[in-house]
Amino acid sequence: MTDSTLSSGRDLSITALQKDYASGALTPLQLLSALQPLLAASNPAAWIYRLDAPALQQRARELEALGPGPQRPLYGIPFAVKDNIDVAGLPTTAACPAFRYIAEAHATVVQRLLDAGAILIGKTNLDQFATGLVGTRSPYGTPSSTFSTEHISGGSSSGSAVVVSEGCVSFALGTDTAGSGRVPAAFNNIVGAKPTRGWLPTTGVVPACRSLDCVSVFAISASEAWQVLCVAGGADPTDPWSRHAQAAGLPARPRIGVLRAEQREFFGDAQAAAHYADMLEKLATLGELVEFDFAPFAATAALLYDGPWVAERLEATKGLLQNQPESLDPTVLTVIARGLEFDAAQAMQAQTRLQALRQQVAPVWRNLDLLALPSAPTQHRINAVQADPVRLNSQLGYYTNFANLLDLCAVAVPGPLRPDGLPAGVTLLAPAWHDAALARLADTLHRSSDCRVGHTRHALPPPGARMEWPATPEAPWIRLAVVGAHLSGMPLNHELTERAARFVRACHTAPAYRLYALPGSVPPKPGLQAVSSGGVAIAVEVWELAPAAFGDFVARIPAPLGIGSLILDNGETLKGFLCEHTALTEAEDISPFGGWRAYIAHRSAV
């Protein structure tokens, strides 16, 4: 595609497809038929392997025999996979023909998506061995930006971003070690979600830097990326770097870190600088903009390729490096060969240096909730990158390379097109496990820009399911009954919402409690006490939190309040607020009001 042609094919948003499947207006076979013209017209350099028509039709028939349902949340949704991620029975090349092998099993994330009903269309091109941010380092061709045949698509997940932008698939998997899930998203006007490291398993993924690798998701909106992340994510005992999710939230109006004027680096690209300033104006309506010192982040970013982490890239490539160096892209060969220069002592020294930088970064998060940075400082032409491959590639990682070293999650969000017609955007970053809250804010920001979807004529679909952390079998959420200042609309409710707590329902306790107004508490709070006789039912709200968030919440509860077991009017027993008996001797018994909200309304009316 060029900047003068836009896809006018079928709307492939997950939201639209789910609606049509549920109503019976569409079947998977009909979808595949509608996709054929788009796939035939797509950029051939974006693909390394596409499934043939019989294989796709067989998959569609299998799904039609099952039908849509809640156990298949991605029923009939077409997707693509970066070709460093295994699909059973298909070749994995990592964009290196000499490395090619037939995968014996699906990567964990692919298996989960297929189990959810998604339809794999094919495997996409990449910078060889996921080494690069440009999309020009592959013997399978150079996929350009969908907006300009002269400009790079970004890498390393180049093909995955292009096929989503073209409207060939609803979403695609990439990987993101240094920015490969964010830079291509920015250059193709789509969303790129880089989750917290370890949430999406990397079993079945060709390693780049195994300790830092992330599977990422390209989608047309943050809400649709979130749906995919929730299906693909979750701990995997076969992945030594896998972690259990620990939900964390953001305030209703977060403090957003933005670059100081003197630290804004765009390598001479005035349009990129102006675009960042415009995006900050939009963000100012969503939170408080606070300038911060980017220096320790930039120093951390420099470690990724100037330090011994580059030696991790030898895990997949050392055999080729020693025996078939000619099979490697010359630039990739230069980068990977540097891994041979580091020894164990240097690796330990670099770890100490990284820990020192983490200490420098830590105070930033006392004053900020998230960062908003350019997804890329500029966008280069293909011929310029081919003439100067290392320096120009390094520029593109200026605002991305530090993320996994500092254990951050990130979402790259498109903004309005630049005056020259190229896409651009910002990336929102926050500490680990803020993924859901970050996705919600990213979705709101995206919708404020009135963007079209990728390089298509389609508008953004309405938000789908709420962007909340799913409960998992290994880490079920904990329900909590709140009775006073933590109720919805009350002064301390933010202590729940900031921890991504979910409202369950309003109800009452069993008639076995008395409620008291605690004297001198700021803000005003009640104390609930269980009694053996004379009790009444007290109005409460039930919320639920992830285990880590619950523990953090409970640890901050001041005396005389505490958490114990409460009985609801339906007989359910759950955790809830109770008060120490000694604090109630001078407290006013407000039980006749039946709840804190009714008491506050009465007091306001007096």
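Between which two strands does the loop that holds Asn 84 lie? The following legends describe close-up views of a predicted model.

**View 1. The surroundings of Asn 84 in a loop between two strands.** Asn 84 belongs to the loop that lies between strand S2 (78-82) and strand S3 (91-92). Because its relative accessibility is 2%, and buried means under 20%, Asn 84 counts as buried. The side chain of Asn 84 makes a polar contact of 3.4 Å with the side chain of Thr 175. Not counting residues up to four places away in sequence, Asn 84 touches Thr 92, Ala 94, Leu 126, Ala 130, Thr 175, Gly 204, Val 205 and Val 206.

**View 2. Leu 113 within the largest nonpolar core.** This core has 152 residues, and Leu 113, Phe 171, Phe 297 and Leu 428 are those with the most contacts inside it. Leu 113 touches Phe 171 as well as Leu 74, Phe 79, Ala 118, Leu 173, Val 228, Val 231 and Ala 232, again not counting residues up to four places away in sequence. A second core, separate from the largest one, has 12 residues, including Ala 316, Leu 320, Leu 328 and Val 332.

**View 3. Helix H8 and its buried side.** Helix H8 (residues 270-283) contains 14 residues. From its first C-alpha to its last, H8 reaches 20 Å, close to the 20 Å expected at 1.5 Å a residue. Its buried residues are Ala 272, His 275, Tyr 276, Met 279, Leu 280 and Leu 283. These residues lie on the same side of H8 because they cover an arc of only 140° around the axis. The exposed residues Ala 270 and Glu 281 are carried on the face turned away from that buried side.

**View 4. The packing partners and the start of helix H8.** The buried residues of H8 pack against strand S11 (255-259), strand S12 (288-292), strand S13 (370-374), strand S14 (408-414) and strand S15 (425-431), and also against helix H16 (435-448). At the start of H8, the backbone nitrogen of Gln 271 has a side-chain oxygen of Asp 269 within 3.2 Å.

**View 5. Helix H18 and the elements around its buried residues.** Ala 549, Phe 550 and Phe 553 are buried in helix H18 (residues 547-555). Seen down the axis of H18, these buried residues fall within an arc of 100°, and therefore they line one face of the helix. The elements against which they pack are strand S16 (478-482), helix H17 (494-497), strand S20 (539-545), strand S21 (561-567) and strand S22 (573-579).

Methods
Residues are numbered from 1 along each chain as its sequence is written. This is a predicted model: local features need pLDDT of at least 70, side-chain atom pairs count only at pLDDT 80 or more; totals for chains, interfaces and linings use all residues. Side-chain values use heavy atoms; hydrogens and water are left out. Helices (H or I, at least four residues) and strands (E, at least two) are DSSP runs, numbered from the N terminus. Buried means under 20% relative accessible area, exposed over 50%, partly exposed in between (1.4 Å probe, protein chains only). A polar contact is a pair of N or O atoms within 3.5 Å; within protein, one must be able to donate a hydrogen and the other to accept it, and residues adjacent in sequence count only if both atoms are side-chain atoms. Contact means heavy atoms within 4.5 Å. A nonpolar core is a set of buried Ala, Val, Leu, Ile, Met, Phe, Trp, Tyr and Cys residues joined through side-chain atoms within 4.5 Å. The expected span of a helix is 1.5 Å times one less than its number of residues. The arc is that of the directions from the helix axis to the C-beta atoms.
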